[in-house]
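Please open the model in a viewer and keep the sequence panel at hand. The stops below proceed from one selection to the next.

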Amino acid sequence: MCGSLLEWIGDFLTGRTQQTRIGNTLSEVNVISSGVVQGSCLGPALFLLYINDLIDVFSDGVIVKLYANDVKLYSSCMIKGNDIDSELQTNLDKLCKWANEWQLPISYTKCNVLEIGRPGSAQYRMNSSWTVAPVEKVVDLGVTMDNKLKFSSHINGIISKAHKRANLISRCFMSRDLWSSVRAFTVCQTYFRVL
């Protein structure tokens, strides 16, 4: 990227300020020293350009998935006795080094490990001091998956939400007409999906 386009993007990002409004009260104006403008059309594209080289940091034994500001690393590990292949740990170290170099802090509290096959057999660290929490299940793009690759938690969550919505509709409407109930449930489901 060079020339007029680079200058235009530089002008777009330079000298920006922000304020917070609560009710009718405004905070003081703060200068934005880094980052992209959230809610702008260019924000997502600029962020993707900024993190584009992250994939090149990792070795071949790790699969990397990027989604917005989320990074997922997938790796298979060989277990021999009590020794575990440390390729994932090596790549976590590379991730931390890259994040420090590019001044992009990692939310360590949001990081976790889902081990499939032999859960609880390894301990991983980030930035040499933070132990990555092992979990039995994760929610990824709205889908819950557990360490046995079963979807029962996901299905139970959907059933629970459906029961709550059905009970809400049942309490709010006097009519017990099936067509009206189905229509109300559908509208309710669409409304909650938007929220």
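**First selection: helix α4**

Select Leu88, Gln89, Asn91, Leu92, Leu95, Cys96, Trp98 and Ala99, the buried residues of α4. Buried means under 20% relative accessible area, exposed over 50%, and partly exposed in between, with a 1.4 Å probe and protein chains only. Helices (H or I, at least four residues) and strands (E, at least two) are DSSP runs, numbered from the N terminus. The model is predicted: local features need pLDDT of at least 70 and side-chain atom pairs count only at pLDDT 80 or more, whereas totals for chains, interfaces and linings use all residues. Residues are numbered from 1 along each chain as its sequence is written, and side-chain values use heavy atoms, with hydrogens and water left out.

Next, display what covers these buried residues of α4; the cover includes α2, α3 (54-57), β5 (62-67), β6 and β10 (125-126). Contact here means heavy atoms within 4.5 Å. A distance between the end C-alpha atoms of α4 should read 21 Å, which agrees with the 21 Å that its 15 residues should span at 1.5 Å a residue. The expected span is 1.5 Å times one less than the number of residues. Just after α4 comes Gln103, with a positive phi near 55 degrees.

Within α4 (residues 87-101), centre the view on Gln89. Is Gln89 buried or exposed? Gln89 has a relative accessible area of 17% and is therefore buried. Setting aside residues up to four places away in sequence, Gln89 touches Gln123, Tyr124 and Arg125.

**Second selection: the charged side chains**

Side chains of opposite charge can pair when their charged atoms come close. A salt bridge is a side-chain nitrogen of Lys or Arg within 4 Å of a carboxyl oxygen of Asp or Glu. How many salt bridges does a search of the whole structure find? The search finds two.

Select Asp70, Lys72 and Asp140, which a network of salt bridges links. Lys72 and Asp70 meet through their side chains at 2.9 Å, N to O. Lys72 is partly exposed, at 22% relative accessibility, and Asp70 is also classed as partly exposed, at 36%. In the salt bridge of Asp140 with Lys72, the closest N and O atoms are 3.3 Å apart. Because Asp140 belongs to strand β13 (residues 137-140) and Lys72 to strand β6 (residues 70-75), this pair ties together parts that are 68 residues apart in sequence. Asp140 has a relative accessible area of 26% and is partly exposed.

**Third selection: the aromatic rings**

Rings of Phe, Tyr and Trp (its six-membered ring) pair if their centres lie within 6.5 Å; planes under 30 degrees apart count as stacked, over 60 as edge-to-face and the rest as tilted. The count by this rule is two aromatic pairs. In one of them, the ring centres of Trp8 and Phe12 are 6.2 Å apart and the planes are at 15 degrees, so this pair is stacked. Both residues lie in helix α1 (residues 3-13), four residues apart, which is about one turn of the helix.

Now move to Tyr50 and Trp102, whose ring centres are 5.7 Å apart and whose planes are at 80 degrees, so the pair is edge-to-face. Tyr50 lies in helix α2 (residues 43-51) and Trp102 in the loop between α4 and β9 (112-113), so parts 52 residues apart in sequence are tied together by the pair. Tyr50 is partly exposed at 33% relative accessibility, and Trp102 is partly exposed with a relative accessible area of 34%.

Return to Phe12 and add Arg16, whose charged end sits over the ring of Phe12, 5.0 Å from its centre. A charge sits over a ring if NZ of Lys or CZ of Arg is within 6 Å of the ring centre and within 35 degrees of the ring normal.

**Last selection: helix α5 and Thr144**

Select His154, Arg165 and Ile169, the buried residues of α5. They cover an arc of only 40 degrees around the axis, which puts them on the same side of α5. The arc is that of the directions from the helix axis to the C-beta atoms. Rotate to the face of α5 turned away from this buried side, where the exposed residues His163, Lys164 and Arg171 are carried.

Finally, pick Thr144 in strand β14 (residues 143-146). Thr144 counts as buried, at 14% relative accessibility. Apart from neighbours within four places in sequence, Thr144 is in contact with several residues, including Val138, Phe151 and His154.
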